[in-house]
Amino acid sequence: MPAVTVENPLTLPRVDAPTGAVPRRVLAVTTAPGGFEGEGFPVRRAFAGINYRHLDPFIMMDQMGEVEYGVGEAKGTPWHPHRGFETVTYLIDGTFVHQDSNGGGGTIRNGDTQWMTAGSGLLHIEAPPEHLVLSGGLFHGLQLWVNLPAKDKMMDPRYQDIRGGQVQLLTSPDGGALLRVIAGELDGHQGPGITHTPITMIHATLRPGAEVTLPWRQDFNGLAYVLAGRGAVGTERRPVHLGQTAVFGDGGSLTVRADDKQDGHTPDLEIILLGGRPIREPMAHYGPFVMNSEAELRQAFEDFQAGRLGRVPAVHGMQDGQGPEITPGA
C-alpha cells in the first residue's frame, strides 16, 4: 500500500487551508469492530457506534482486509440485491470482479474504484478472480455506502469505473502528504467520481511527522478513518490508529498528523477522509435496501422476491427465477 503514488510529491499541486479558516474540533474517536462479510472475508466496520447524524449521507463503510490469502482461501460475496443507494468499492491491493443481473460490472485492481449506483435495484456479485483463488495473494480495500435522496432512489442503475491513474493527486505545502481525490472536490481540484449526493472522498498518505491542514466545505460533515499507521487528528492532536474513525465538528479546515514513528508493517499513516452534504431525510434501512419508509422497504423486498430486481444468470448455477441469498450489510 498504496497502489497509486508518485516519486516526488512536490511536483503536484499543493493544497493548504486559507488563513483564518475555523479548525474542526474532534467530537469522537471510535474503534471499528471486526467481522466477516459475504462468503467469509474479514472486515472492519468503520462506522459502528457512530450516531447517524454525524454520518449522513454515508451509511456504512467496511475495510476489507488487509489479508494475505493462501491457496484456495480468497473469498467474495454471493449474489445479492441492492436498492436506494450507491456502493463505492476502492481496491488498494489485489483484484475484485463485479457482475450484475443487467450484464454490467467489471474488474478493479490496485488503486481502482468501482462506483455502482444501485438506484431502482439490481442483483450483483463481487468475487476474486479464479487466478487469485488458485494462487492466493494480498487483498485490501474499502466498500463505502452513500445514500441517495428520495428523488434519486428509483433512478436507473449505473456503473463508474475509476482507474487508479485517473484520481486527482495533490500534496501539502511541504510535500509530506500525498492526497488522492477519488470523488468530489478539494480546493478547486476535482476528483473523477461523479456523485448524486455531494461528497468528497480522499485517500491520504502522510510521511512520519508530516501534518496537513485541508480546506473543508462548511456544509459538509467530516470523517477520517485510519487504514494503517498511527497519527493524530484535529489541532488538539487527538491520537488515532489503525481501525479508528474520527468524527469532526463544524468548521472550515481539517487537520491530520502522522506520528514520528509508525508501526513495523507500514512506513506511513494511511487515512481516508470523507465529507458529504447531509440529506436530512427519513431513512429506512435493512440489509441491502436503503429507502425512506418502511412501506418502501416492504416494496423493495416484494420486488426482489418477484424477480423485478433482476435474475441471476443461469451460467452461475441458479435456475431462472431462483433468488439469491440476502446478505445483510453486503
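# Working through a predicted model

The largest pocket in this predicted model holds about 230 Å³ of space. Let's start there and then move out to the strands and the odd backbone spots.

**Exercise 1. Find out which residues lie nearest the centre of the largest pocket, and what classes line it.**

Step 1: Look at the lining, which is made up of 16 residues. Nearest the centre you'll find R53, N221, D250, P278 and R280.

Step 2: Now see which elements give two or more residues to that lining: they are α1 (52-55) and β22.

Step 3: Sort the lining by class. You get six charged, five polar and five nonpolar residues.

**Exercise 2. Decide whether strand β19 is enclosed or open, and find the strands it pairs with.**

Step 1: Go along residues 222-228. Seven of the seven are buried, so β19 is largely enclosed by the rest of the structure.

Step 2: Look for one partner. Strand β22 (residues 244-248) is joined to β19 by four bridges, and the two run antiparallel. To see one such pairing, find A224, whose bridge partner in β22 is A246.

Step 3: Look for another partner. Strand β24 (residues 269-276) also runs antiparallel to β19, with five bridges between them. Here L223 sits opposite L274.

**Exercise 3. Work out which way the residues of strand β23 point, and which strands pair with it.**

Step 1: Check the cover. β23 spans residues 253-258, and six of its six residues are buried, which leaves the strand mostly covered.

Step 2: Recall a rule of thumb. Side chains in a regular strand alternate between the two faces of the sheet.

Step 3: Apply it. S253, T255 and R257 point one way from β23, while L254, V256 and A258 point the other way. All of these are buried, whichever way they point.

Step 4: Find the partners. Strand β18 (residues 211-215) is antiparallel to β23 and joined to it by five bridges, with L214 opposite L254. Strand β20 (residues 230-233) is antiparallel to β23 too, through three bridges; one pairing to look for is A232 with R257.

**Exercise 4. Track down the unusual backbone geometry at P57, E66, D187 and R280.**

Step 1: Get the background. Most peptide bonds are trans, and most residues other than glycine have a negative phi.

Step 2: Look at the peptide bonds. The one from D56 to P57 is cis, with omega near 20°, and P57 belongs to the loop between α1 and β4 (58-69). The bond from G65 to E66 is cis as well, with omega near 15°; E66 is part of strand β4.

Step 3: Look at phi. D187 isn't a glycine, yet its phi is positive, near 55°. You'll find D187 in the loop between β15 (185-186) and β16 (189-190). R280 isn't a glycine either, and has a positive phi of about 55°. That residue is in the loop between β24 and β25 (284-286).

Step 4: Judge the exposure. The relative accessible area of D187 is 41%, so D187 counts as partly exposed. R280 comes out at 68%, which is over the 50% cut-off, so R280 counts as exposed.

**Exercise 5. Ask how confident the predictor is, and where the pLDDT is below 50.**

Step 1: Take the whole chain. The average pLDDT is 90, and 93% of the residues score at least 70.

Step 2: Go to residues 315-330, where the pLDDT is below 50. Beyond near neighbours in sequence, this stretch has 35 contacts in the model.

Methods:
Residues numbered from 1 in each chain as written. Predicted model: local features only at pLDDT ≥ 70, side-chain atom pairs only at ≥ 80, totals over all residues. Heavy atoms only, no water. pLDDT = per-residue confidence, 0-100. Contact = heavy atoms within 4.5 Å. Buried < 20%, exposed > 50% of the residue type's maximum accessible area, 1.4 Å probe, protein only. Pairing = 2+ DSSP bridges. 1 Å grid on protein atoms, 1.4 Å probe; cavity = no way out; pocket = protein on both sides within 12 Å on 5 of 7 lines; lining within 4 Å. Points joined across faces, edges and corners; volume = space filled by probe spheres on them. Nonpolar A, V, L, I, M, F, W, Y, C, P; charged D, E, K, R; others polar.
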